[in-house]
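User: Please take a close look at the side chains of this model. I want to know how they pair up and where the partners sit. Give me one connected account.

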Amino acid sequence: MSNTESPDGPPSFENAFRDDDVEQRIYGTILQTREPATASAIAEQAECDPKTARKYLGWFSDLGIVTHHDGHPTTYERNDAYFQWRRINQLAAEHTIDELQEHVRTLTTRITDYEETYDATTPAAVDAVDAAETSDERTIDDVYSDLADWATARDERKRYERARQQRAGAETDQASG
């Protein structure tokens, strides 16, 4: 252990999965990968044999966690749609319809406040530099922070609304079944 690491703290970012089994290391590597990567590159990052990486990547592909791209060389990439689906299912399982609806309302209020503040319907429609230069209250960092929060709120609202619809559909199915 390095002098900067505490025995009770998290592992260093450079080797965050060192104590995990090989499956967890490959999964963790997939979570951090932003571009398609070969099994060899994933194996190197996960500190395992490429043959082992291919085995687990095939399994993760079957589960929909990664997308397998045929070619020379074959590459794999994280399937963001899987993680969105998983998050929505988790929200639907952990919250009531009323809780989900309240979160949608809260996010909608936050989004509306940003729309009014910046006189725009989306964060992408805002010229951040112009907004900062024409404001006495907001610096460029404040504007970028607002735009990031606004975009996040829009994404979260979609997830919570989809979870609410899923939960409502499941309850309707149970009542009629």
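## Side-chain pairs and their setting

Analyst: Start with Arg138, which is partly exposed at 21% relative accessibility. A residue counts as buried only under 20%, so Arg138 falls outside that class at its 21%. Bear in mind that this is a predicted model. The partner of Arg138 is Glu137, and the two form a salt bridge. Their closest N and O atoms are 4.0 Å apart. The cut-off for a salt bridge is 4 Å, so the 4.0 Å contact of Glu137 with Arg138 still counts. Glu137 is classed as exposed, with 64% relative accessibility. The class of exposed residues begins over 50%, so the 64% of Glu137 puts that residue in it.

The whole structure has six salt bridges. Another one joins Arg164 to Glu161, with 2.6 Å from N to O. Both residues belong to helix α7, which covers residues 140-176. They are three residues apart, so about one helical turn separates them.

Helix α5 (residues 97-118) repeats that spacing with Glu102 and Arg105, which are three residues apart, about one turn. These two also form a salt bridge, and their closest N and O atoms lie 3.4 Å apart. Glu102 is partly exposed, at 43% relative accessible area. Arg105 is partly exposed as well, at 47%. Neither reaches the exposed class, because that class needs over 50%.

Now the rings. How many aromatic pairs does the structure hold? There are eight of them. Take Tyr56 and Trp59: their ring centres are 6.4 Å apart and their planes meet at 65°, so the pair is edge-to-face. Rings pair when their centres lie within 6.5 Å, and planes over 60 degrees apart count as edge-to-face. Tyr56 and Trp59 both sit in helix α3. Three residues separate them, about one turn of the helix. Their burial differs in class: Tyr56 is buried at 17%, whereas Trp59 is partly exposed at 39%.

Tyr82 and Phe83 give another edge-to-face pair. Here the centres are 5.0 Å apart and the planes stand at 85°. Tyr82 counts as buried, with 17% relative accessibility. Ring pairs tie these residues into a wider cluster: Tyr27, Tyr56, Trp59, Phe60, Tyr82, Phe83 and Trp85.

Tyr82 leads on to helix α4, residues 80-94. This helix has 15 residues. From the first C-alpha to the last it reaches 21 Å, close to the 21 Å expected at 1.5 Å a residue. Which residues of α4 are buried? They are Tyr82, Ile88, Leu91 and Ala92. At the start of the helix, Asn79 makes a contact: one of its side-chain oxygens comes to within 3.1 Å of the backbone nitrogen of Ala81.

Some nonpolar side chains sit at the surface. Val129, Ile140 and Tyr144 make up a nonpolar patch there. Together they have about 250 Å² of accessible area. Ile140 belongs to helix α7 and is partly exposed, at 30% relative accessibility.

The loops hold some backbone details. His72 and Pro73 are joined by a cis peptide bond, with omega about 0°. Pro73 lies in the loop between β2 (66-69) and β3 (75-78). Glu47 is not a glycine, yet its phi is positive, near 55°. Its place is the loop between α2 (39-46) and α3 (50-63). Asp119, also not a glycine, has a positive phi of about 50°. Asp119 sits in the loop between α5 and α6 (128-133). Its relative accessibility is 72%, so Asp119 counts as exposed.

Finally, the overall frame. The protein has seven helices and three strands. From the N terminus on, their order is α-β-α-α-β-β-α-α-α-α. Of its 177 residues, 30% count as buried. Tyr56 of the ring cluster is among the buried ones, at 17%.

How values were computed: Residues numbered from 1 in each chain as written. Predicted model: local features only at pLDDT ≥ 70, side-chain atom pairs only at ≥ 80, totals over all residues. Heavy atoms only, no water. Helix = DSSP H or I, 4+ residues; strand = E, 2+ residues; numbered from the N terminus. Expected span 1.5 Å × (residues − 1). Buried < 20%, exposed > 50% of the residue type's maximum accessible area, 1.4 Å probe, protein only. Polar contact = N/O pair within 3.5 Å; in protein donor to acceptor, adjacent residues only side chain to side chain. Patch = residues over 30% accessible without salt bridge, like charges linked within 9 Å, V, L, I, M, F, W, Y side chains within 5 Å. Areas by Shrake-Rupley, 256 points an atom, 1.4 Å probe, with all protein chains shown as cover. Phe/Tyr/Trp six-rings, centres within 6.5 Å; stacked < 30°, edge-to-face > 60°.
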